[in-house]
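Open the model in your viewer and keep the selection panel at hand. The stops below go from the ligand to a sheet and then to a core.

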Amino acid sequence: MHYSIWSILQQGFRGGRGWVRAWRAPVPQKSYDMIIVGGGGHGLATAYYLASQYGITNIAVLEKGWIGGGNVGRNTTIIRSNYLLPGNEGFYELSLKLWEGLEQDINFNAMVSQRGILNLFHSDNERDAAARRGNSMILHGADAELLDAAALRKLCPFLNFDNARFPLKGALLQKRGGTVRHDAVAWGYARGADRLGVDIIQNCEVTDFIIKNGCCNGVETTKGKILANKVGVAVAGSSGRVMAKAGLRLPIESHVLQAFVSEGLKPILPQVITYGAGHFYISQSDKGGLVFGGDIDGYNSYAQRGNLPVVEHVTEGGMALMPMIGKARLLRMWGGLMDMSMDGSPFIDRTPITGLYFNGGWCYGGFKATPASGWCFAHLLATDEAHAVARAYRLDRFKTGAVIDEKGAGAQANLH
Ligand SMILES: Cc1cc2nc3c(=O)[nH]c(=O)nc-3n(C[C@H](O)[C@H](O)[C@H](O)COP(=O)(O)OP(=O)(O)OC[C@H]3O[C@@H](n4cnc5c(N)ncnc54)[C@H](O)[C@@H]3O)c2cc1C
């Protein structure tokens with residue numbers, strides 16, 4: 001079924017009784033050409049692009065829970081490509097370009113909203129760093145604009161300009177950045193992949209890998225053994241636990257990240273805003289809720305819930321930046337599992353086991369990466385060659401020293 005204004009009208013006249021399931025619920029086959037472990041945004045995008053770009057459709061996506069139950073449905077929905085380092089910027093710019101055409105491509109309304117993202121700066125040094133980052137973005141074909149305090153005030157008069165602990169000196173603006181409705185991305189890719197013949201199997205946990213003579217031939221699951229020529233793992237926050245089943249230890253720690261949503265308010269925030277002196281980012285959803293977040297909970301955990309000290313820390317950041325937020329009531333909050341790599345950058349690479357491929361280490365920036373991550377992981381799985389914009393995302397980069405330390409925080413996962 002093709003979604004369009006005509007299908008909505010047609011279904012309207014039929015009382016909505018003609019809608020069909022967005023994807024099938026197939027029984028797993030005994031074997032496939034490829035298996036993707038993890039039905040989050042990255043796993044589903046990988047399956048979709050394998051089918052649409054390489055014609056490989058004999059694929060199963062194995063998801064331990066339900067589609068949209070992981071981080072793809074838990075994040076604060078920000079997309080952007082405002083990175084500094086060559087290893088990253090080309091990749092994230094490809095992702096932003098794919099977001100721009102995604103809804104037509106997958107025939108699904110993902111509410112891609114390029115409302116702009118502002119990274120605030122509060123000192124002369126921070127302004128210089130923002131200018132450098134903006135220049136790097138422009139050199140990679142992205143858009144960037146440096147705003148002074150007056151221009152920022154015009155855009156966001158509600159920020160604390162007059163009595164701030166850290167004075168507002170301006171912002172780096174990326175107009176093409178913005179937000180996307182997160183769970184619609186999961187549903188859209190799932191439907192798109194299913195339409196091309198991919199089997200999406202929910203409630204199917206991978207419990208082990210079948211490895212013989214250094215070669216991975218399939219997986220053991222809660223629904224039985226499934227064989228495949230190639231297995232790609234994209235399980236985000238569960239990366240360490242899942243890859244340990246193949247005997248691999250990753251340069252990744254798992255931490256909790258929390259998100260918060262206020263009651264619905266009239267439109268007040270036109271852009272996404274990120275604070276440069278604390279860790280706080282905020283946007284307003286189309287339903288009116290202020291959606292915001294900050295630091296990870298600084299301890300290792302596989303729990304999808306966080307603790308109160310971070311709630312206080314995040315709301316303090318909000319109050320310092322825009323005191324009016326103190327009048328809004330918090331509606332809900334939740335936690336998700338972050339796969340924090342040691343330099344803050346991800347991996348899309350082969351493993352030392354033939355036929356086993358890995359995608360992870362997205363830290364808390366993996367939602368914006370979803371399309372490019374799927375695109376590049378599909379390229380790797382189909383061709384056995386790294387995609388040109390993902391060549392730096394190697395698992396051995398800590399051995400070779402070719403780290404991509406975007407934040408300059410060193411090997412401290414809790415600081416990225
Ligand atoms: C609170 C919060 C806010 C965030 N905000 C942003 C943001 O604003 N912008 C941004 O770019 N990023 C953000 N992120 C990060 C982003 O959500 C993640 O990096 C990204 O979603 C991870 O990729 P994924 O969608 O594939 O993960 P997931 O949706 O977590 O997918 C992984 C899947 O693997 C499954 N799985 C695990 N183990 C197994 C197994 N053994 N067998 C089968 N399946 C398994 C899980 O059930 C899960 O569904 C945020 C994350 C959180 C939690």
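Select the ligand and the 39 residues that surround it; a residue counts here if its C-beta atom, placed from the backbone, lies within 6 Å of the molecule. The closest are Gly-40, Gly-70, Asn-75, Gly-336 and Gly-366. This is a predicted model, in which local features need pLDDT of at least 70 and side-chain atom pairs count only at pLDDT 80 or more, while totals for chains, interfaces and linings use all residues. Residues are numbered from 1 along each chain as its sequence is written.

Stay with the shell and show α2 (41-54) and β12 (252-264), each of which supplies at least two of its residues. Helices (H or I, at least four residues) and strands (E, at least two) are DSSP runs, numbered from the N terminus.

Next, select the open sheet of 8 strands, ordered β5-β6-β4-β13-β14-β15-β12-β16, with mixed pairing. Two strands pair if DSSP finds at least two bridges between them. β5 (145-148) and β16 (330-341) stand at the edges with a single partner strand each, so one side of each has no neighbour in the sheet.

Zoom in on β13 (residues 272-274) and β14 (residues 281-284), antiparallel strands joined by 2 bridges. Thr-274 has Tyr-281 in β14 as its bridge partner.

Last, select Val-61. Among the residues it touches are Ile-36, Leu-44, Ala-47 and Ala-193, leaving aside residues up to four places away in sequence; contact means C-beta atoms, placed from the backbone, within 7 Å.

Terms used. Two residues are in contact if their C-beta atoms, placed from the backbone, lie within 7 Å.
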